[in-house]
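These are my notebook entries on a single structure. I set out to look up its surface, its strands, its cysteine links and a few side-chain pairs.

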Amino acid sequence: MVRASAIRCYQCSSQTDQKGVDSCGAYAWFNKTQHIAIECNSDESHMPGSFCMKIVQQGPRGFIWDGRWRQVIRRCASVADTGVTGVCNWGVYENGVYWEECYCSEDACNSSPNLSISKGLIPVFLGILSYRIFL
């Protein structure tokens with residue numbers, strides 16, 4: 001009998017980081033040596049799935065280090081909002097929080113900063129949103 005192995009993804013959340021520690025990569029580079037990609041269908045996985053996901057949220061105004069509150073979540077996922085992987089979706093909630101969800105289907109692919117939209121586009125997008133709010 002041949003047993004297919006499940007996809008392996010990094011699993012962490014900046015919400016669970018200790019105070020002053022950024023192990024999930026909200027502000028600092030994600031350090032793969034501090035994490036082990038886990039098999040998505042194992043007991044270690046917080047959410048079973050067939051692909052990986054990275055979620056980024058960033059506040060509109062300053063709270064911490066770089067002047068903006070940020071949160072990153074990396075985990076397994078079973079359903080993509082778009083139904084496809086290898087893409088990122090993004091937008092802004094009504095409260096001004098920028099969000100981005102990226103889906104991928106290769107082992108440990110949710111470690112990459114390249115799964116994220118260009119950081120230079122965030123201020124442009126938020127500027128456009130601010131302009132629309134004040135019209």
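**Entry 1. Surface and overall content**

I began with the surface: the protein exposes about 8,500 Å², and carbon and sulfur atoms supply 54% of that area. I note at the outset that the model is predicted. I then looked up the burial of the chain and found that buried residues make up 42% of its 135 residues. For secondary structure I recorded one helix and seven strands. Read from the N terminus on, the elements run β-β-β-β-β-β-β-α. I also looked at the contacts between residues at least 6 apart in sequence, and 63% of them join residues at least 24 apart.

**Entry 2. The sheet**

Which order do the strands of the open sheet take? I read it as E2-E5-E4-E7-E6, five strands with antiparallel pairing. Strand E2 (12–13) and strand E6 (87–92) each have a single partner strand, so both stand at the edges, with one side left without a neighbour in the sheet.

I then followed E6 to its partner. Strand E7 covers residues 98–104, and six bridges join E6 to E7, the two running antiparallel. Within this pairing, I found Gly91 opposite Trp99 in E7.

**Entry 3. Disulfides**

How many disulfides does the structure hold? I count five. With the bonded cysteines numbered in sequence order, the pairing reads 1-5, 2-3, 4-6, 7-8, 9-10. I looked up three of these links in detail.

I took the pair of Cys9 and Cys52 to begin with; their sulfur atoms are 1.9 Å apart. Cys9 lies in strand E1 (residues 8–9) and Cys52 in strand E4 (residues 51–58), so this disulfide ties together parts that are 43 residues apart in sequence. The link is left-handed, with -90 degrees about the S-S bond. I found both Cys9 and Cys52 buried.

I went on to Cys88 and Cys102, which form a disulfide with sulfur atoms 2.0 Å apart. This pair links distant parts of the chain, with Cys88 in strand E6 and Cys102 in strand E7, 14 residues apart. I therefore have a disulfide between E6 and E7, two strands that are also joined by six bridges. Is this link left-handed or right-handed? The torsion about the S-S bond is about 115 degrees, so I entered the disulfide of Cys88 and Cys102 as right-handed. The two cysteines fall into separate burial classes: Cys88 has 31% relative accessibility and counts as partly exposed, whereas Cys102 is buried, with a relative accessible area of 1%.

The last link I examined joins Cys104 and Cys109, with the sulfur atoms 1.9 Å apart. With 90 degrees about the S-S bond, it is right-handed. Cys104 is buried at a relative accessible area of 7%. Cys109 is buried too, at 14%.

**Entry 4. Ala37 and its surroundings**

Where does Ala37 lie? I placed it in the loop between E2 and strand E3 (38–39). Is Ala37 buried or exposed? Its relative accessibility is 11%, under the 20% limit, so I entered Ala37 as buried.

I then listed its contacts, leaving out residues up to four places away in sequence: Ala37 touches Arg8, Cys9, Tyr10 and Ala108. Cys9 in this list is the cysteine bonded to Cys52. I also looked up the distance from Ala37 to Asn110: the two are 73 residues apart in sequence and 9.3 Å apart in space, C-alpha to C-alpha.

**Entry 5. Aromatic side chains**

A search of the whole structure gave me four aromatic pairs. One of them is formed by Trp90 and Tyr98, at 6.4 Å centre to centre, with 35 degrees between the planes. I entered this pair as tilted. Its two members differ in cover: Trp90 is partly exposed, with a relative accessible area of 37%, while Tyr98 is buried, at 2%.

Finally, I looked for a charge over a ring and recorded Arg74, which lies over the face of Phe30 at 4.0 Å from the ring centre.

Definitions and conventions. Residues numbered from 1 in each chain as written. Predicted model: local features only at pLDDT ≥ 70, side-chain atom pairs only at ≥ 80, totals over all residues. Heavy atoms only, no water. Pairing = 2+ DSSP bridges. Helix = DSSP H or I, 4+ residues; strand = E, 2+ residues; numbered from the N terminus. Disulfide = S-S within 2.5 Å. Buried < 20%, exposed > 50% of the residue type's maximum accessible area, 1.4 Å probe, protein only. Contact = heavy atoms within 4.5 Å. Phe/Tyr/Trp six-rings, centres within 6.5 Å; stacked < 30°, edge-to-face > 60°. Lys NZ or Arg CZ within 6 Å of the ring centre and 35° of its normal. Areas by Shrake-Rupley, 256 points an atom, 1.4 Å probe, with all protein chains shown as cover.
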